[in-house]
Amino acid sequence: MKGVLLVNLGSPKSTDPKDVKTYLGEFLMDERVIDLPKFFRTILVKGIVLNTRPKKSAEAYSKIWWDEGSPLIVLSERLQEGIDKQTSVPVSLAMRYGQPTIKSGLQELHDKGVDEVLLVPLYPQFAMATTETILVLAEELRREHFPEMAFTTLPPFYNHPDYVTVLSRSIGEKLDEFDYDHLLFSYHGVPERHIRKSDITNSHCKIDGSCCQTPSKAHQFCYRHQCFETTRGVAKTLGLKEGTYSTSFQSRLGFDPWLKPYTDRTVEKLGLEGTKKLAVVSPAFVSDCLETLEEINMEAREIFEESGGDDFMFIPCLNDREDWVKTMSRWIDEWAHQSEKVNA
């Protein structure tokens, strides 16, 4: 029997600093998020970050928290419920950090008799701190608790025509309401070393402005390339004019070089250079979360207005849009039916 496990990032249980500290501890101690040797990672996270950041993060979460709970969790649940109604196989939901866990999601499918699972990391682009850490943990859990299960993984869909079409439509609908000067595609940032670590050629990714445009098998795991390809696909679909859109990277942490240009500095620069109407979308996420609702819709908006901008439009993630639910459901059914043909 086949089934699907959707996996998103996760969220604190509440906005209480204690719950935020627990969540941040699990998240930041992941060796694929902060890729330092465990000794140094422990000193940084448990000795410094968890003694300073939880209160500030809790305040940020409180600004965007819904009556139903964490927006990311609520929106992920709505997506799962919508897909489950439209597919021919059971669909469960899990979070990489926090609740519900990947183990509980696999257990739910196991209890329904599922022994062939399609893992769906809810990230359009591949990154070691997102897709890879989900797949590694899922495989560890399979070996230890569900050895009879077989896994298939939905590949990154950053350039899948169906995804690009739905994403473009969601952006275009908002732009029709907004006479914008500039559209900014803001992706979650990662340290530059993550790009090099994910380079299966060990030589292609130089982050020099040209490697992402030069064909290479390294692009299969290159987050930077896949982000720029998402922007390119949407720009082509919407017929955006050169100079009216750009790509940036948000949410950097620490002092090491992260992917550039940085979103906060880009927003400030646009305002200072005379851009009056700015629209921002964050296509590294499919569900709105702290990084979109607070960092973009609040912080970036404030930076833009303080830099001379007049109007700021936040473009929501795909969330549980009907066309996105239908697209995901179709992908799942195609996998289920193809698997049936192979087994037959």
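1. Let's start with Phe-40, which you'll find in helix α2, the stretch covering residues 38–64. Keep in mind as you look around that this is a predicted model.

2. Phe-40 also helps make a nonpolar patch on the surface, together with Leu-36, Phe-39, Ile-43, Leu-44 and Ile-48. The patch comes to about 550 Å².

3. Now for the annotated residues. Which two does UniProt list under "binding site"? They are His-188 and Glu-291, and the listing comes from an unreviewed entry. The pair spans 104 residues in sequence, yet their C-alpha atoms are no more than 8.0 Å apart, so they gather at one spot.

4. Take His-188 on its own. It sits in strand β5, which runs over residues 182–188. With a relative accessible area of 23%, His-188 counts as partly exposed, because that label begins where buried stops, at 20%.

5. Glu-291 has a different kind of address: helix α10, residues 290–293. Is Glu-291 buried or exposed? Its relative accessible area is 16%, so Glu-291 is buried, given that the buried label applies under 20%.

6. Who are the neighbours? Setting aside residues within four places in sequence, His-188 is in contact with Tyr-223, Phe-249, Gln-250, Ser-251, Trp-258, Ala-284, Phe-285 and Glu-291. On the same terms, Glu-291 touches His-188, Gln-250, Ser-251, Phe-285 and Ile-296. So the two listed residues touch each other, and Gln-250, Ser-251 and Phe-285 turn up as contacts of both.

Methods. Residues numbered from 1 in each chain as written. Predicted model: local features only at pLDDT ≥ 70, side-chain atom pairs only at ≥ 80, totals over all residues. Heavy atoms only, no water. UniProt positions renumbered as here; feature names shortened; annotations may be inferred. Helix = DSSP H or I, 4+ residues; strand = E, 2+ residues; numbered from the N terminus. Buried < 20%, exposed > 50% of the residue type's maximum accessible area, 1.4 Å probe, protein only. Contact = heavy atoms within 4.5 Å. Patch = residues over 30% accessible without salt bridge, like charges linked within 9 Å, V, L, I, M, F, W, Y side chains within 5 Å. Areas by Shrake-Rupley, 256 points an atom, 1.4 Å probe, with all protein chains shown as cover. Salt bridge = Lys/Arg side-chain N within 4 Å of Asp/Glu carboxyl O.
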